[in-house]
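Hi,

Here is the structure I promised to pass on. Have a look at it, then read my notes underneath.

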Amino acid sequence: MSTSKTKALLSWSSGKDSAYTLFEVLKDGLYDVVGLVTTVTETFGRVSMHGVREEILDRQAESVGIPLHKIKIPSPCPNQLYEEKMETFLRSMKQEGVTHVIFGDLFLENLRRYREQNLAKLGLQGVFPLWLRDTKGLALKMIEDRFEAVITCIDPKKLPKKFCGSAFDHKFLASLPPHIDPCGENGEFHSMVHAAPIFKERIPVKVGKTVERDGFVFTDVRLIKFLHCSQSRDQKVIDDDSA
C-alpha cells in the first residue's frame, strides 16, 4: 500500500531563512512542496521588503525546481488587500490538495499567531521548521552548509546602512552590534540567496547601488547576463538600471 506525502506550499522571501527552511524540509522528506509563494510589489517588480529583482526571484525558483507563485501587490498595500489576495490564492491551492503552508519564522510569536489564525480560517495549517532555533547557531550553520547571500535591505533605525550590500558571512556576523539578531529576525535586515545546496546552479549576481526609500535602505543586486553581442553595450544597459 502506497502513501502520498502531505502537499504543502512554502513561503519564499528570496532570503536565507526561507531558503534554509526549504533545505530542512526537503531533507526531512515529510512534505511534498508543490509551490513557492512570494509577495511581489508590482510597482517596482521586486520582492516585497527584500527589494530583490523579479528576474532573480525567477532564477531562484528555476534553480530549485519548484513552481513559483507570485502574489502581486501595489505600493503601498493596505493589509486588508494583502489578506484578500492571499486568501484567494490559498483557497485555489486548497482545491488542488494543499493542506499546509511552511514558513521560515524563528521566534516572533505575534507573527506566527497571525499566520496560524489566517490559515485556520481556510482550514489550512502552518508549519515552522526553524521555530525557536538558536539564531546565532542557525546563522553559523547556514554558512557552514554553503548558503551564500547578500544583505539587500536594512532598517537604518536598527542597523547602520553601511551593512547593506554585505555578504552574509562570518565577517558580517562578527561585525554586527551585540543587540542585533544574527538572523535579522527583528527586521534589522533582509537578504537574497544566490548559492545553496538546494540550487541546481549558482546564480551569477552583481551588487549594485544602495538607495534609501520609504524609511529603509536597499542595495540593488543584479543578474549577470552573459550575452553574445557587444559586451560594452550590454554592460552599459546593466549599469544604467536604476536601483
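Below is what turned up, starting with the ground rules.

This is a predicted model, in which local features need pLDDT of at least 70 and side-chain atom pairs count only at pLDDT 80 or more, while totals for chains, interfaces and linings use all residues. Numbering runs from 1 along each chain as its sequence is written, and side-chain values use heavy atoms, with hydrogens and water left out.

Core first. The largest nonpolar core (buried Ala, Val, Leu, Ile, Met, Phe, Trp, Tyr and Cys residues joined through side-chain atoms within 4.5 Å) has 51 residues, and W12, L22, F168, F189 and I198 have the most contacts inside it. Its top contributor is helix α1 (residues 16-28), with five residues; helices here are DSSP runs of H or I, at least four residues, numbered from the N terminus. Leaving aside residues up to four places away in sequence, F168 touches K16, A139, M142, I143, A149, I151, L173, P182 and F189, where contact means heavy atoms within 4.5 Å. There is also a second, separate core of 16 residues, with V37, I71, L122 and F128 among them.

On to helix α2 (residues 54-64): E54, I56, L57, Q60, A61, S63 and V64 are its buried residues, buried being under 20% relative accessible area with a 1.4 Å probe, protein chains only. After α2 comes G65, with a positive phi near 85 degrees.

And the cysteines? You'll find zero disulfides, meaning no cysteine sulfur pair within 2.5 Å. The sulfurs of C153 and C164 are 6.3 Å apart. C153 counts as buried because its relative accessibility is 0%, and C164 is buried too, at 9%.

Cheers

Technical notes. Buried < 20%, exposed > 50% of the residue type's maximum accessible area, 1.4 Å probe, protein only. Helix = DSSP H or I, 4+ residues; strand = E, 2+ residues; numbered from the N terminus.
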